[in-house]
Each structure stands twice: as structure tokens, then as C-alpha cells.
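Biologist: Thanks for sitting down with me. Could you bring the model up so that we can go through it together?

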Amino acid sequence: MKINGGVRFCEPGIRASIRAMHLQSSILQITTENVNGFDKVGFQRREPVVSSFTEFLGVHGLSSTIDDQPGRIMSSGNPMDIAIANKGYFQIATPEGVVLTRDGRFKFDKFGNLLNLEDNPVLSDSGVPIVLSTVPRTPDDIVVNTRGKISVFNQETRQLEECGVLGVVDANGMAVLDPDIKQGYNEYSNVLLQNEFLQVKPVVRNFEANRQIFIMQNNNLQNVISKLGSVS
């Protein structure tokens, strides 16, 4: 007795070409978002991840991962701009919950609350909003050390008063012990334009190849249909 087994997969070539073009378009979209985010503060590039069965799954086999490497750190001259030189994220309290971000452009209101640009509270390492002990007269009265400890210079007592520590965590919510905070700096994206342009070339070639195959198959199908019509 002989037992034969196996897995067979057969489908029209036009459908396979369309699925492949859809996949390449989605990859190009990720690359376009990376290029557009090149000059954005705190932006982290996305890396497309293609599964082993993408030729069958199409765009459903495509996912992405975040590149958490630090970006370009540049001086801004603003004491309220805070950058993280190592891996990690600031914690921001929003109506939708706690959000992690690398964008450290902060400000304070008339009550001494430390806020981001969208007026959401910045959280400390204990998970509570940071409130300055005294409202500073100028942003220069605020001092942030490399570990994220915030101090405010009290003009009346002529002393620095500690107000808390910035809550810097990793992607899993674990505290980062050595964030290497830079006061007066902004961290721009970690996107390298030359790498993005190099990676997009094979994607464009694959798209064009599948487009040509689609055109050939479509022309052949039209010829068959026209000949069937002429015979009838």
C-alpha cells in the first residue's frame, strides 16, 4: 500500500500579482512615514517585518517594529527641552491613559504643573504628575540633572528645591536607571535618509515586476475573451 500526501496551492496569477503589489505598497507607505518623520522631535522609525508566508497572506503577513535606538540630539537653548540620550521614554498622562514618548518639549503653567506641548501632565518616577515646588520666574530657574531629577531655584530663599524625578521607562514600563538626560536639547528622529532610500529600491523593483506580470496576464485574458466572443 502506498500513501501519498502533500499540500497543494493553486490560484490565478492575476490575484497573486495584485496581492504582491498591495504588499509592496504597504511597505512603501512605512518607508514614506519614516522619511516624513525625519525632522520630527522624538520620532522613531518603523521597520517592516515580512512573514514567511507573505506570498500567500499578502498584506496580512506584514507587520512592523519600532526602532528604539536614540536619534539625533541637538541643542535648542531652551531649558524646558529635555532629551534622553539612552533608550527610554517619558511618561505622559492623557485622557486615554499613560502614553510613552521621546518628545521632551515641556512647559509649566501658572500653578507649577509640568506639562507637554498638548497640556498633558508629565509623570514622575513614582507615577504621579510633577508639580514644581515654586513657580519659576524664568525657565532658567529649572535644573534637570542627567538622572532626571528636577530642581527649581527659589528666588526668595536663593536655594535649589527638589521637585521630583522624571519617570523614564523602557517599552515594557520598567524604570530606566541611567537615562542620561540632556537639558536644553531636542532629540530628533533616528531615521537615516540614505538607508531609507537604499531599502526602498528593491521594493520598487518588486512592485514594477508584479505590475508587468499583471499587465501581461490581463492582456492574455482579454485576448482569450475576445477570441471566445469571435467564435460564438
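Biologist: Is Asp180 buried, partly exposed or exposed?

Modeller: First, a word on the source: this is a predicted model, where local features need pLDDT of at least 70, side-chain atom pairs count only at pLDDT 80 or more, and totals for chains, interfaces and linings use all residues. Residues are numbered from 1 along each chain as its sequence is written, and side-chain values use heavy atoms, with hydrogens and water left out. Buried means under 20% relative accessible area, exposed over 50%, and partly exposed in between (1.4 Å probe, protein chains only). Asp180 has 21% relative accessibility, so this residue counts as partly exposed.

Biologist: Which side chain does Asp180 meet in a salt bridge?

Modeller: A salt bridge here is a side-chain nitrogen of Lys or Arg within 4 Å of a carboxyl oxygen of Asp or Glu. For Asp180 the N to O distance is 3.5 Å. The partner counts as partly exposed because its relative accessibility is 32%. That partner is Lys182.

Biologist: How many salt bridges does a search of the whole structure find?

Modeller: One of them joins Glu47 and Arg45, with the closest N and O atoms 2.6 Å apart. Searching the whole structure gives a total of 11.

Biologist: How far apart in sequence are the parts that Arg45 and Glu196 tie together?

Modeller: The two side chains meet in a salt bridge at 2.7 Å, N to O. Helices (H or I, at least four residues) and strands (E, at least two) are DSSP runs, numbered from the N terminus. Arg45 lies in the loop between α1 and β1 (46-50), and Glu196 in helix α3 (residues 193-231), so the distance in sequence is 151 residues.

Biologist: Is Glu196 buried or exposed?

Modeller: Its partner Arg45 has a relative accessible area of 9% and is therefore buried. For Glu196 the value is 1%, so the residue is buried.

Biologist: Which residues does Thr31 contact, leaving aside its neighbours within four places in sequence?

Modeller: Thr31 sits in helix α1 (residues 13-36) and counts as buried because its relative accessibility is 11%. Contact means heavy atoms within 4.5 Å. With those neighbours set aside, Thr31 touches Glu196 and Val200.

Biologist: Let's turn to the sheets. What stands opposite Ile150 in β11?

Modeller: Two strands pair if DSSP finds at least two bridges between them. Strand β10 (residues 149-154) and β11 pair in the antiparallel sense over six bridges. They belong to an open sheet of three strands, ordered β9-β10-β11. Opposite Ile150 in β11 stands Gly164.

Biologist: And which are the edge strands of the sheet with the order β6-β5-β12?

Modeller: This open sheet of three strands has antiparallel pairing. Strand β5 (residues 89-94) pairs with β6 over five bridges, and Ala93 stands opposite Val98 in β6. The strands that pair on one side only are β6 (97-101) and β12 (168-169).

Biologist: Last one: what accessible area do Phe53, Phe56 and Leu57 have together?

Modeller: Patches are made of residues with over 30% relative accessible area and no salt bridge, joining like charges within 9 Å and nonpolar side chains (Val, Leu, Ile, Met, Phe, Trp, Tyr) within 5 Å. Phe56, in helix α2 (residues 54-57), counts as partly exposed because its relative accessibility is 41%. Areas come from the Shrake-Rupley method with a 1.4 Å probe, and for residues only the protein chains shown count as cover. For this nonpolar surface patch the value is about 310 Å².
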